[in-house]
Amino acid sequence: MSVDTRPAVTASGKSKSRALSALLYRRGRLRLAGLLTAPAAWLILVYIAALSALLITALWTVDTFTGKVSTTWTLENLILVTTDPVYQTVALRTLRIAVLVTIIDMVLALPIAFFIAKVASARWRSILVVAIVMPLWASYLVKAYAWRNVLAEGGLLEWMGINSPGYSETAVIITLAYIWLPYMILPIHAGFERVPDSLLEASSDLGAKPLATLRLVILPILVPSIIAGTIFTFALTLGDYITAQIVGGTTQMLGTVVYANVGAANNLPLAAAVALIPIAVIMAYLLIVRRTGALNNL
């Protein structure tokens, strides 16, 4: 005669489940770790695997006779992109464009974010935030080609009596500054919202002028938010290549060099070697700002 033990097993399972639930309820960090471990592990695996594949590809070569990729390892491509004056010029131009776009967006974003967070009423605040986010819903290509029409010979700028820079490096900077501006405004706006109004009133009561309040009170609080915005604009500009092709004329950036080597030149190892340059630059930038607390605002 057999004995049915299923109720005992069920009771034991319920007891363990309740103990685990109680443990997770008491330990919030353990509960958060359980939720994030799987997706974080997946993202890290994919990211590390992609970077490893990129580095390995950069160590290969292309057979000049057959045009096929040779898996023979060599440092030829890395040496070429770091020593050849052409690649050095393109890298410096890309870095210069990224820095200028970041500075322009920072200068534009500070007053806009301040007005939205501290001056506008609650109703207008919501409307303005939506207005800032709305350009992100439009296609990247639509925005880039819109600026192509604005900057073209006989385009909107010349119709308004303003000399157009034409399709040039200046056009690339203007277009990228417009496209990435929301990515700078939103973190800075969030930073302004964390600045207590009472702190600004206290600064005014103590006789501080607006510029002194901005420099001594507001900016120290906003530094992490500003750096968080610069990470977006700087990194996105470093990797961009479409805008340079649409409004850049003969302007080449690292992204356009990668695109050319992947497409027409069919030299994937050299493209991978060039792609390592912006990755190295942005990683160095992240290492510099990691202790400012800016990464916590992403």
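What follows is a walk through the fold, the helices and a handful of residues in this predicted model.

The overall picture comes first. The protein chain has 13 helices and two strands. Of its 298 residues, 32% count as buried. Sequence-distant pairings feature heavily: among contacts with a separation of 6 or more, 70% involve residues 24 or more positions apart. On the outside, the chain exposes about 18400 Å², and carbon and sulfur atoms supply 68% of that area.

Helix H4, which spans residues 85-119, is a good place to start, and Val-99 sits in it. Val-99 counts as partly exposed because its relative accessibility is 35%. It belongs to a nonpolar patch on the surface, together with Leu-92, Leu-95, Ile-103 and Val-107, and the five share about 420 Å² of accessible area.

H4 also takes part in the salt-bridge story, which is a short one: the count comes to one. The partners are Arg-96 and Glu-169, whose side chains meet at 3.0 Å, N to O. Arg-96 lies in H4 and Glu-169 in helix H8 (residues 169-193), so the pair ties together parts that are 73 residues apart in sequence. Neither end of the bridge is buried: Arg-96 is partly exposed, given its 39% relative accessibility, and Glu-169 is partly exposed too, at 22%.

Moving along H8 brings up the aromatic residues. The structure holds seven aromatic pairs. One of them joins Trp-180 and Tyr-183 edge-to-face, with 5.8 Å centre to centre and 65° between the planes. Both residues lie in H8, three residues apart, or about one turn of the helix. In general, an α-helix has 3.6 residues a turn, so residues three or four places apart point the same way. The two rings differ in cover, though: Trp-180 is buried, with a relative accessible area of 8%, whereas Tyr-183 counts as partly exposed at 29%. Ring pairs extend the group into a cluster that links Tyr-140, Trp-180, Tyr-183 and Phe-232.

Pro-182 is found in H8 as well. With a relative accessible area of 6%, Pro-182 is buried. Leaving aside neighbours within four places in sequence, its contacts are Ile-132, Leu-136 and Pro-187. The C-alpha atom of Pro-182 is 8.7 Å from that of Asp-105, although the two are 77 residues apart in sequence.

Leu-136 turns up again among the contacts of Lys-143, a residue of helix H6 (residues 140-151). Beyond its neighbours within four places, Lys-143 is in contact with Pro-135, Leu-136, Ala-138, Tyr-178 and Ile-179. What about a charge partner for Lys-143, and how far away is the nearest side chain of opposite charge? Lys-143 is buried yet has no salt bridge, and that nearest side chain, Asp-240, is 10 Å away. The gap rules out a bridge because a salt bridge needs the side-chain nitrogen within 4 Å of a carboxyl oxygen.

Further down the chain, helix H12 (residues 254-262) has several buried residues: Leu-254, Gly-255, Thr-256, Val-257 and Asn-261. These buried residues pack against H4, helix H11 (242-247) and H13.

Helix H13 itself covers residues 268-289 and includes Ile-282. Ile-282 counts as buried, since its relative accessibility is 15%. Setting aside neighbours within four places in sequence, Ile-282 is in contact with Phe-234, Ala-235 and Leu-238. For one of these, Ala-235, the C-alpha separation from Ile-282 is 6.2 Å, while the two sit 47 residues apart along the chain.

Finally, there is strand S2, which consists of residues 69-70 and includes Val-69. Is Val-69 buried or partly exposed? Its relative accessible area is 41%, so Val-69 counts as partly exposed. Not counting residues up to four places away in sequence, Val-69 touches Trp-60, Thr-61, Val-62 and Pro-269. Val-69 and Asn-266 are 197 residues apart along the chain, with their C-alpha atoms separated by 9.2 Å.

Definitions and conventions
Residues numbered from 1 in each chain as written. Predicted model: local features only at pLDDT ≥ 70, side-chain atom pairs only at ≥ 80, totals over all residues. Heavy atoms only, no water. Helix = DSSP H or I, 4+ residues; strand = E, 2+ residues; numbered from the N terminus. Buried < 20%, exposed > 50% of the residue type's maximum accessible area, 1.4 Å probe, protein only. Lys, Arg positive; Asp, Glu negative; His and termini not counted. Contact = heavy atoms within 4.5 Å. Patch = residues over 30% accessible without salt bridge, like charges linked within 9 Å, V, L, I, M, F, W, Y side chains within 5 Å. Areas by Shrake-Rupley, 256 points an atom, 1.4 Å probe, with all protein chains shown as cover. Phe/Tyr/Trp six-rings, centres within 6.5 Å; stacked < 30°, edge-to-face > 60°.
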